[in-house]
Every structure is written in C-alpha cells, then in structure tokens.
Amino acid sequence: MTRSHNLAILGGDGIGPEVVAEGLKVLDRLEDLEGFTTERVDYDLGGRRYLDTGEVLADETLDELRGSDAIYLGAVGTPDVPPGVIEKGLLLKLRFAFDQYVNHRPVKLYPGVTSPIAGLTPERCDFVVVRENTESVYAGAGGTLYRGTPAEVATQESINTRHGVERILRYAFELAASRDGKLTLCHKTNVLTNAGDLWMRTFTEVGESDFPQVERDYVHVDAACLYFVTSPERFDVVVTENLFGDIITDLGAALQGGLGLAASGNLDPTRRAPSMFEPVHGSAPDIVGQGKADPIAAIMSLGQLLAFLGEDGAAARVERAIAAELTEHGGARPDGSRSTTADVGDRIAELVGD
Ligand code: IPM
Ligand code: MN
C-alpha cells in the first residue's frame with residue numbers, strides 16, 4: 001500500500017508562504033521519486049489573518065491540526081500587530097498544546113558556504129542544539145502590578161520541572177549516543193543556582209545511569225557564545241533551556257552562513273501530537289514579494305519533517321541536494337541579485353532526483 005501522510009501547511013506571514021511554496025515544489029518531486037503521497041491542508045493563520053478577522057487560532061482549528069501527521073510552517077508575525085500577540089497566540093500555543101518539548105536545531109556549515117567567522121571550515125562546524133521548548137520563561141509565569149505607576153512591578157519567572165528537564169536531557173543523550181558523540185549541557189549554574197542545580201543533577205544522574213557511553217561536558221551560556229565563534233568543533237550535541245536555546249541558535253545560524261540556512265523541528269518524540277517543522281528565520285517583511293528570501297532553511301526543515309515521518313530515502317535526497325546546491329552556488333544565495341527564491345527551489349527540486 002502507498003504510504004500517505006497528512007500535512008498541515010501554515011505558510012503564515014511575510015516570506016513564509018514564499019519559502020513554503022519552494023518546499024512543496026521539492027516535496028512534489030520527492031513523492032514521485034520515493035513513491036509516497038501526502039494529503040495537504042492549507043491553513044490561513046498569522047498576523048495578516050488576525051488583522052483581517054481578529055482571530056489568532058480558534059479551538060476548532062487547533063483540534064483539526066491535532067489530527068495531522070505533521071505541520072509545515074513558514075513564518076508568522078507582522079509589524080502591524082503588537083509584539084507577543086501572534087508569537088504567543090499561535091506559535092508558542094502550538095508548541096505547548098502539542099507538547100513539542102524538543103526544538104531540534106542543527107548547526108552545520110556546508111561546503112561552499114562562507115561563514116562570517118573567518119577561516120571556519122565545515123569539518124569544524126557540525127553540531128545540533130537541542131533546545132527545551134515548553135518551559136523556562138516561555139511558560140508565561142509572572143505578571144505586572146501597578147502598571148504605568150512609579151511602583152510598577154514586572155516578574156517573568158523561569159519554570160523548570162524535573163519532568164521537563166529529564167525528558168529533554170534523555171532526547172539529547174539519545175541523539176548524542178546515535179552520533180557516537182558527546183553531550184554538552186549549556187546553562188548558567190554559577191548564577192541560576194536553583195534551576196541550574198536541577199539541570200546539572202538531572203544531567204549527571206541520567207548520564208551516569210543510562211548513558212555511560214556518552215561523554216558529558218558543561219559550559220556556561222556566556223562562554224558558549226564565545227566557543228561557538230572561536231571553537232565550534234568542541235560541540236557535538238548541546239542541550240539547553242528554552243531562552244538560552246533561543247539566543248544561542250541565532251548565533252548558531254550565523255556560524256552556518258545565516259538565518260536562510262537554519263532549520264528546526266519542534267518535536268513531540270512520543271508522537272501523541274503532531275510535530276512542527278519551520279525555518280528559524282522570521283517573516284522578514286522588508287523583503288517580502290521580492291524573490292530574495294532563501295528557501296533553503298524551509299527545505300531543510302522539510303527534510304527534518306520527512307525523516308521524522310520515516311521517509312528516510314526522501315530525507316537523504318534533500319540532504320544531498322542541499323549539499324550539492326550549496327557547493328555549486330554557495331556564494332550566490334538569493335541575497336539580491338543572482339538567484340531568486342524560485343530559482344533555488346527549482347534547482348533543488350531537480351537535484352533531489354540525482
Ligand atoms: C524562534 C523564535 C520564537 C521563539 C519567537 C518568534 C516566539 O524566535 O523560534 O526562535 O522565541 O522561540
Ligand atoms: Mn529565536
């Protein structure tokens with residue numbers, strides 16, 4: 001019987017629909033090559049839709065999305081909507097509602113790509129950041145008192161549970177074990193002595209009891225920023241809490257040649273709910289509709305989606321095609337002149353056939 005997958009497609013705002021269109025072009029070709037099919041349902045969600053209708057994400061839509069096998073997301077957010085409305089009401093809501101507790105973000109420099117770090121070579125930059133995706137300051141604990149008065153108080157607490165910390169550490173240990181690599185915990189245990197203690201104790205306990213073969217290392221998050229730039233080769237899998245993970249993965253994206261090349265998967269490894277795959281970049285309203293957006297991060301995210309659904313052959317094709325495209329045209333990213341968004345998508349849709 002033909003394998004079939006139900007995909008929810010959320011192009012979203014800004015360049016989101018443009019890069020997703022290129023991903024779907026590649027997907028069409030992969031279905032022919034690998035003999036599987038997809039049922040795709042398009043969802044009109046994001047800042048534009050909120051401005052038109054006042055609605056961010058209806059409960060019925062959330063229920064419908066729950067029935068899909070995976071979600072493919074472009075980008076959400078528009079400058080006309082106040083900060084937080086779409087981010088919290090849509091993106092974070094989906095991550096939390098579907099308990100996508102892993103944010104899996106590779107940091108890989110491909111041959112042909114020039115990193116802004118002078119002299120950085122692909123051999124020295126190939127690691128994965130595993131970002132906890134449901135807790136920390138993102139959990140929404142805290143509040144404001146006496147707003148607008150001289151006595152105003154604002155708190156924004158970092159929530160860390162043993163359950164949440166242990167499950168993300170287990171995912172990261174398993175990933176490190178599968179790569180025959182080491183696992184680096186990134187935190188700030190010298191100042192965040194409560195949360196840091198929970199993370200460090202759990203890291204040591206889980207590592208000693210269940211993953212003795214995985215070498216363990218630790219870096220403070222400030223030092224991690226330095227080492228990402230000066231010696232990325234010291235990392236293989238890095239596991240960290242939500243906010244630190246948000247920040248260091250933008251730095252990781254810079255290492256690998258920019259946000260246009262940074263992919264991510266928001267995963268529920270238990271598979272009780274759909275996982276969601278999205279480029280790390282945002283909606284980039286300044287370049288919308290100009291064919292300047294690099295679709296590669298979105299196509300890489302599609303590769304992660306396919307691997308997660310068990311389409312390993314298709315995922316491997318995506319990986320090879322992106323490597324070939326970057327080797328050939330690494331210096332000609334669609335940053336204004338030589339290749340448009342659609343050119344890159346067309347070429348990768350060809351290359352997946354090799
Ligand atoms: C990311 C983004 C989001 C985050 C924003 C848009 C809420 O920066 O996916 O890294 O902070 O997680
Ligand atoms: Mn971010």
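Where does ligand 1 lie relative to domain 1 and domain 2? In this predicted model, domain 1 (1-104 + 259-354) and domain 2 (114-255) both give residues to the shell around ligand 1, so the ligand lies between them. As for the pockets, ligand 1 sits in the second largest one.

The shell itself is made up of Glu 87, Leu 91, Arg 95, Arg 105, Arg 131, Tyr 138 and Asp 246. Helix H4, which spans residues 85-97, supplies the largest share of these, with three residues. Sorted by class, the shell turns out to hold five charged residues and two nonpolar ones, with no polar residues at all.

Now to the polar contacts. Three of the shell residues can be picked out here, each through its side chain. For Tyr 138, a polar side-chain atom lies 2.6 Å from an oxygen atom of ligand 1. With Arg 131, an N or O atom of the side chain is 2.8 Å from a ligand oxygen. Asp 246 joins in as well, placing a polar side-chain atom 2.9 Å from an oxygen atom of ligand 1. As for burial, ligand 1 on its own has 320 Å² of accessible area, and the protein covers 75% of that.

Note on methods:
Residues are numbered from 1 along each chain as its sequence is written. Chains are lettered from A and ligands numbered from 1 in the order in which they are written. This is a predicted model: local features need pLDDT of at least 70, side-chain atom pairs count only at pLDDT 80 or more; totals for chains, interfaces and linings use all residues. Side-chain values use heavy atoms; hydrogens and water are left out. A residue is near a molecule or strand if one of its heavy atoms lies within 4 Å of it. A polar contact is a pair of N or O atoms within 3.5 Å; within protein, one must be able to donate a hydrogen and the other to accept it, and residues adjacent in sequence count only if both atoms are side-chain atoms. Accessible areas come from the Shrake-Rupley method with a 1.4 Å probe; for residues, only the protein chains shown count as cover. On a 1 Å grid over the protein atoms alone, a cavity is a set of points where a 1.4 Å probe fits but cannot get out, and a pocket is an open set with protein on both sides within 12 Å along at least five of seven lines; lining residues have an atom within 4 Å of a point. A molecule sits in a cavity or pocket if more than half of its atoms lie within 2 Å of its grid points. Helices (H or I, at least four residues) and strands (E, at least two) are DSSP runs, numbered from the N terminus. Ala, Val, Leu, Ile, Met, Phe, Trp, Tyr, Cys and Pro count as nonpolar, Asp, Glu, Lys and Arg as charged, and the others, Gly among them, as polar. Domain bounds come from an automatic or database domain assignment.
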